[in-house]
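Q: I'm new to this one. Can you walk me through it, a piece at a time?
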Amino acid sequence: MSIIEVDGLTKFYNSLVAVDHISFKIKEGEVFGLLGPNGAGKTTTIRMLACLISPSAGSARVSGYKINENPLAVREIVGILTENPSLYERLSAHENMEFFAEAYNLSDLDKKSRRIRELLEYFDLWERKNDKVATFSKGMKQKLALARALVHNPPILFLDEPTAGLDPESAKEVRDLMYLLSRREKHTILLCTHHLEDAERLCSRVMIINKGKSVVCGTPDELRNKITNNPSIQINLKKIDTKIIEAVKKIDHVFQVDVNESPCSLKIVLSDLNEDTPAVIKNIVEAGGLVLSVKALQPSLEEAYLKLIKEVH
Amino acid sequence: MRFNKAMLVFRKDWIEICRNWQVLMPIIVVPLIFSVVLPLVLTLIPSVTISQGGSLGELEVFIENLPIHIEEQLRNFSEPQIMVYIMAVYFLAPLFLIIPLMASSVIASDSFAGEKERKTIEALLATPISDEELFFGKMLVSFIPSMIVTIISFIVYSIIFDIMTFNLFNGMILLPNIDWILLIFGLAPTLALASIGLTVMISVRVKGFREAQQISVLLLIPILALVFGQISGAFILGPYVILALVILFSIIDFVVFRVGVKLFNREEVLSKLT
């Protein structure tokens, strides 16, 4: 069942079309990635879904609530991490969390205190809870902003660049948390990111948008397949000779064989990874080759993204 | 409207203001001048002027316009007494209305414009706090401190004035009188609310705090009109005039709040993010 349904969402700023008839659906517990270059319309899309700005055309439902009819109900069930951490620097971390907890109707004193402590401890900020946010590093602010987005335990999260400004260790913590939230706690996450590594690791589906328009939508595998006609494998060998190369080339479904002398390896383009790989290995072994390792070669999501974005230009 | 949500916005902003000297200083300094320095000057200078052969001069016109019972009361006063009485009780009365306006204009200008400048507005607008609650909370945070400052200034002013004039008026306590009580507890809050509402509306529409404050200075013009109106004798801020103004400004407050909420647009606020 779709928890977010977007249908022809459009946003104009005078003559500029920031978002142009975007449509997608997100299932409950899914991490959906919105990828695109700067100015593609990602933040505008999130702002419309969070009822911060109204669409010029089209419609969207968030957990069954229409965004233009019931904005307060939508805001209550959504946690949002904006482009800027949006934290009150003269307030302490704890005061920031308290304010937003109450703003999101978490008024029970016990529950509120427990939730704030749980989140601040998770993000290693508990020791600094009484320090003013102005004294925090960029990474600490980003973690606090993420904790704030989670304070009311929202079923839906809109995260705009959640790992921006974080060191590798903190970025991993955030990725782990997103994984945990979606897989175990069934939170639905709409993730805007430039970090294709984040999208590749976390998103079950991604949509690439450019100049406000949807370029492509699908699983990371589907996107990769879009830019490659045939799969390929790399086989590392003890040594290579012409007998081995010929043995591989004579297989019907092998289209291309590239030889690398040092280290000895063959890059083979074939018709079907599962069907053809055993036959290739068998022929190499029969030709006297010693196979050290076999690796399926797939383009990264980054390669797919760059190629697909370029195609639109 | 949920009052607790408006109070939540108030509390958050209140803590921020208490930690910001740039905002606190004008709120403290202006009332200090009004409530301490002015009564001292106004009670000392007339005594010196008249003792050196000066006269009431143009104050005669003003006295003629006073209500009959005040005029009769003044007939029993000496010239220095009349001058001090008129200067401190009448001339300063409308001038005192500047205190809540000055204090509130700093905070009200900062309400939305400051949040935009500090880039904290987006997360606030994303919360399930309604437009009404947000607008009212922002008005409260300007209104409450400015009224506290005004009332404290009034108390200090009255004490200093009464001490300074104790001998001159042979032990007569002049302040507070009914005009001043109506002025401070009736006209000042209603006038401040109208000004705050308008300033918050300006703050929604501009990019930064300074821009909002520059525009909101224009709101002092009606007060200056009251000051000059009273000094020139065009009208006297007696109890009935003050009550009429309280009713007028209460209506204006209601209209400003409704219009302010109606015109409040989260999208417009975000579009002004620097």
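What follows is a quick chat about the sheet, a helix pair, the chain contact and the domains.

A: Sure. One thing up front: this is a predicted model.

Q: Okay, start with the sheet in chain A. What is the strand order in that open sheet of four strands?
A: The order is β2-β1-β4-β5 in chain A, and the pairing is antiparallel.

Q: Which strands stand at the edges?
A: β2 (16-27) and β5 (65-66) of chain A. Each has a single partner strand, so one side of each is left without a neighbour in the sheet.

Q: What holds strands together in a sheet, generally?
A: Strands pair through backbone hydrogen bonds, in a parallel or antiparallel way.

Q: Back to this sheet. How many bridges join β1(A) to β4(A)?
A: Five, with β1 covering residues 2-13 of chain A. The two strands run antiparallel. Glu5(A) sits opposite Arg61(A) of β4(A).

Q: And what does Arg61(A) stand opposite in β5(A)?
A: Lys66(A). Strand β4 spans residues 57-62 of chain A, and two bridges pair it with β5(A) in the antiparallel sense. Val62(A) also faces a residue of β5(A), namely Tyr65(A).

Q: How many residues lie between β4(A) and β5(A) in their hairpin?
A: Two. Ser63(A), in the turn, has a positive phi of about 50°.

Q: Switching to chain B. At what angle do α9(B) and α10(B) pack?
A: About 140°, and their axes are 9 Å apart. Helix α9 is residues 178-205 of chain B, and α10 is 209-216. The two are therefore oblique to each other. Their crossing is right-handed.

Q: Which residues make that contact?
A: From α9(B), they are Thr199(B), Ile202(B) and Ser203(B). From α10(B), they are Ala212(B), Ile215(B) and Ser216(B). By class, that gives three nonpolar, three polar and no charged residues.

Q: Now the two chains. How many residues of chain A are in contact with chain B?
A: 24, against 20 residues of chain B. Helices α2 (71-77) and α3 (93-103) of chain A each supply at least two residues of chain A's side. The largest share, five residues, comes from α3(A).

Q: What classes of residue are on that side of chain A?
A: 12 nonpolar, five polar and seven charged.

Q: Last topic. Which domains is chain A divided into?
A: Domain 1 (2-225) and domain 2 (229-297). Their centres, taken over C-alpha atoms, are separated by 45 Å.

Technical notes: Residues numbered from 1 in each chain as written. Chains lettered and ligands numbered in written order. Predicted model: local features only at pLDDT ≥ 70, side-chain atom pairs only at ≥ 80, totals over all residues. Pairing = 2+ DSSP bridges. Axes fitted to C-alpha atoms, helices over the stretch in contact; angles between N-to-C directions. Parallel < 35°, antiparallel > 145°, perpendicular 65-115°, else oblique. Left-handed = near helix turned anticlockwise from the far one by under 90°. Contact = placed C-beta atoms within 7 Å. Nonpolar A, V, L, I, M, F, W, Y, C, P; charged D, E, K, R; others polar. Domains from an automatic or database assignment.
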